[in-house]
Amino acid sequence: DREREIPLKLLYIFEKNIILRKILITFSLIIIFLLGRYVPIPGVLISAYKGQDNNFATLYSTVTGGNLSQVGVFSLGIGPMMTTMILLRLFTIGKYSSGVSQKVQQFRQNVVMLVIAIIQGLAITISFQYHNGFSLTKLLLATMILVTGAYIISWIGNLNAEYGFGGMTILVVVGMLVGQFNNIPLIFELFQDGYQLAIILFLLWTLVAMYLMITFERSEYRIPVMRTSIHNRLVDDAYMPIKVNASGGMAFMYVYTLLMFPQYIIILLRSIFPTNPDITSYNDYFSLSSIQGVVIYMILMLVLSVAFTFVNIDPTKISEAMRESGDFIPNYRPGKETQSYLSKICYLFGTFSGFFMAFLGGVPLLFALGNDDLRTVSSMTGIFMMITGMSFMILDEFQVIRIRKQYTSVFENEEN
């Protein structure tokens with residue numbers, strides 16, 4: 001009887017404790033995600049993979065939850081899904097998308113993601129060396145496996161969002177942390193090769209950047225709000241909090257996505273037209289090993305920081321919600337005037353956030369230009385700033401789950 005009671009008790013605890021259940025589910029999905037990164041593709045010579053020499057491709061795959069340092073089933077990561085989201089937002093007119101059903105939107109997303117995943121998969125598999133030589137069948141099979149892996153990762157992320165915590169974000173954070181652990185031997189090697197001062201400066205710069213990221217992530221600008229539903233002295237203390245770094249760490253991930261996707265296309269074009277030197281020259285505009293690429297990286301960081309600030313705050317929705325509830329900001333009329341004021345606040349903090357992240361993430365890249373040994377280490381600042389920002393998103397979600405559980409227990413006690 002005792003042998004039967006123990007599993008039943010564990011099952012009861014698993015069902016009743018929502019936090020424990022979500023942690024175990026997320027942990028299990030992370031294990032599956034990590035194992036998939038190291039499952040080899042049949043027929044591919046891993047040791048002869050040419051993409052290992054492409055530092056930026058390896059960095060990009062790490063940022064998007066993939067793994068090009070050692071190619072496997074999950075090497076594409078969530079790159080195809082992120083590129084799809086960017087393209088759909090750029091080419092879909094928002095006022096018309098609201099009238100489209102969820103089923104149609106999902107179909108469009110899957111079709112665009114399939115095309116992008118095929119492009120990225122072909123760009124990678126062209127660099128493979130195969131057992132018993134190259135063949136079109138082996139190329140298409142390897143591409144199909146990579147595309148399937150991208151969809152599996154998307155499915156795992158959706159499962160985690162529904163039953164675990166952290167959604168796709170925690171998979172990306174884990175992938176980045178694993179990638180940075182793999183760079184530790186390189187750091188020690190560079191330290192022994194005479195780059196002591198450069199390594200120390202990079203590490204100090206990264207620590208300062210993480211500290212500022214934490215500070216701005218938890219800082220907020222408070223806009224006074226008159227709440228018509230409050231009829232006591234607390235009405236004077238009501239405010240609308242606006243995070244100083246409202247864009248968070250997501251801008252970094254999307255910048256790498258926008259820089260890498262053109263490189264996939266260039267790789268494909270270069271394989272089709274190997275004698276055309278102009279194709280390779282375009283790569284400088286998207287690579288962090290050139291001054292043009294770093295400048296574009298910093299510009300994209302500024303633009304996307306402003307964009308994500310508007311996405312996360314959304315002055316239009318806030319102003320409409322305030323008008324419906326009767327709340328208002330002192331000295332500003334509900335509706336267009338409130339929306340205009342909130343838009344100015346978004347531009348202000350979005351621009352500040354963009355300059356702050358572009359400067360801290362871009363300076364190490366500029367410093368490492370022309371030095372292939374330091375290029376990988378120079379990207380650490382942006383990577384850890386991203387990890388810091390995304391970790392706060394995960395912690396905030398975990399905090400919401402914990403608070404919700406406390407309120408649920410209160411209601412359950414009242415019913416009992």
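User: Where does N132 lie in this structure?

Analyst: N132 lies in the loop between α6 (102–125) and α7. One thing to keep in mind from the start: this is a predicted model.

User: What makes N132 count as exposed?

Analyst: Its relative accessible area is 82%. The cut-off for exposed is over 50%, so N132 goes into that class.

User: What is the phi of N132?

Analyst: N132 has a positive phi of about 60°, although it is not a glycine. D314 also has a positive phi, about 55°, and D314 isn't a glycine either.

User: Where is D314, and is it buried, exposed or partly exposed?

Analyst: D314 lies in the loop between α13 (291–313) and α14 (315–325). With 22% relative accessibility, D314 counts as partly exposed, because the partly exposed class takes in what falls between under 20% and over 50%.

User: How many helices and strands are there, and how many residues?

Analyst: The protein chain has 17 helices and two strands. It runs to 416 residues, and buried ones make up 43% of them.

User: How confident is the predictor, and which helices sit at the two ends of the range?

Analyst: The protein chain has a mean pLDDT of 80, and 82% of its residues reach 70 or more. Among its elements, helix α15 (residues 336–367) has the highest mean, 91, and helix α5 (residues 94–97) the lowest, 46. Where pLDDT is low, the predicted coordinates should not be read in detail.

User: Why are α7 and α8 called oblique to each other?

Analyst: Helix α7 (residues 136–163) and helix α8 (residues 167–182) pack at an angle of about 120°, their axes 6 Å apart. Roughly perpendicular stops at 115 degrees, and roughly antiparallel needs over 145. The angle fits neither class, so the pair is oblique.

User: Which residues make that contact, and how do they divide by type?

Analyst: On the α7 side there are I153, S154, I156, G157, N160 and A161, and on the α8 side G167, M168, I170 and L171. They divide into six nonpolar, four polar and no charged. Glycine counts as polar in that tally.

User: What makes α10 and α15 roughly antiparallel?

Analyst: Their axes come within 11 Å and cross at roughly 170°. Over 145 degrees is what roughly antiparallel takes, so α10 and α15 earn that label.

User: Which residues meet there, and of what kind are they?

Analyst: A198, F202, W205, A209, L212, M213 and F216 in α10 meet F352, F356, M357, F359, L360, V363, P364 and F367 in α15. The contact is made up of 15 nonpolar residues, with no polar and no charged ones.

User: Where is S343, and what makes it buried?

Analyst: S343 lies in helix α15. Its relative accessible area is 16%. Buried means under 20%, so S343 is buried. Leaving aside neighbours within four places in sequence, S343 is in contact with F310 and P315.

User: How many salt bridges are there, and how do you know that E217 and K243 form one?

Analyst: There are three. In this one, the side chains of E217 and K243 meet at 2.6 Å, N to O. A salt bridge asks for within 4 Å, so the pair qualifies. E217 is in helix α10 (residues 196–218) and K243 in strand β2 (residues 239–243), 26 residues apart.

User: Are the two partners buried or exposed, or partly exposed?

Analyst: E217 is buried, because its 3% relative accessibility is under 20%. K243 is partly exposed, with a relative accessible area of 31%.

User: What does the salt bridge of R218 with D396 tie together?

Analyst: The closest N and O atoms of R218 and D396 are 3.0 Å apart. R218 lies in helix α10 and D396 in helix α17 (residues 380–415), so the bridge ties together parts 178 residues apart in sequence. R218, at 45% relative accessibility, is partly exposed, and D396, at 32%, is partly exposed too.

User: How far apart, N to O, are E220 and R222 in their salt bridge?

Analyst: The distance there is 2.9 Å. E220 counts as partly exposed, at 35% relative accessibility.

User: What share of contacts joins residues at least 24 apart?

Analyst: It's 75%, among contacts in the protein chain between residues at least 6 apart in sequence.

How values were computed. Residues are numbered from 1 along each chain as its sequence is written. Side-chain values use heavy atoms; hydrogens and water are left out. pLDDT is the predictor's confidence in each residue, from 0 to 100. Helices (H or I, at least four residues) and strands (E, at least two) are DSSP runs, numbered from the N terminus. Axes are lines fitted to C-alpha atoms, for helices over the stretch in contact, and angles run from 0 to 180 degrees between N-to-C directions. Angles under 35 degrees count as roughly parallel, over 145 as roughly antiparallel, 65 to 115 as roughly perpendicular and the rest as oblique. Contact means heavy atoms within 4.5 Å. Buried means under 20% relative accessible area, exposed over 50%, partly exposed in between (1.4 Å probe, protein chains only).
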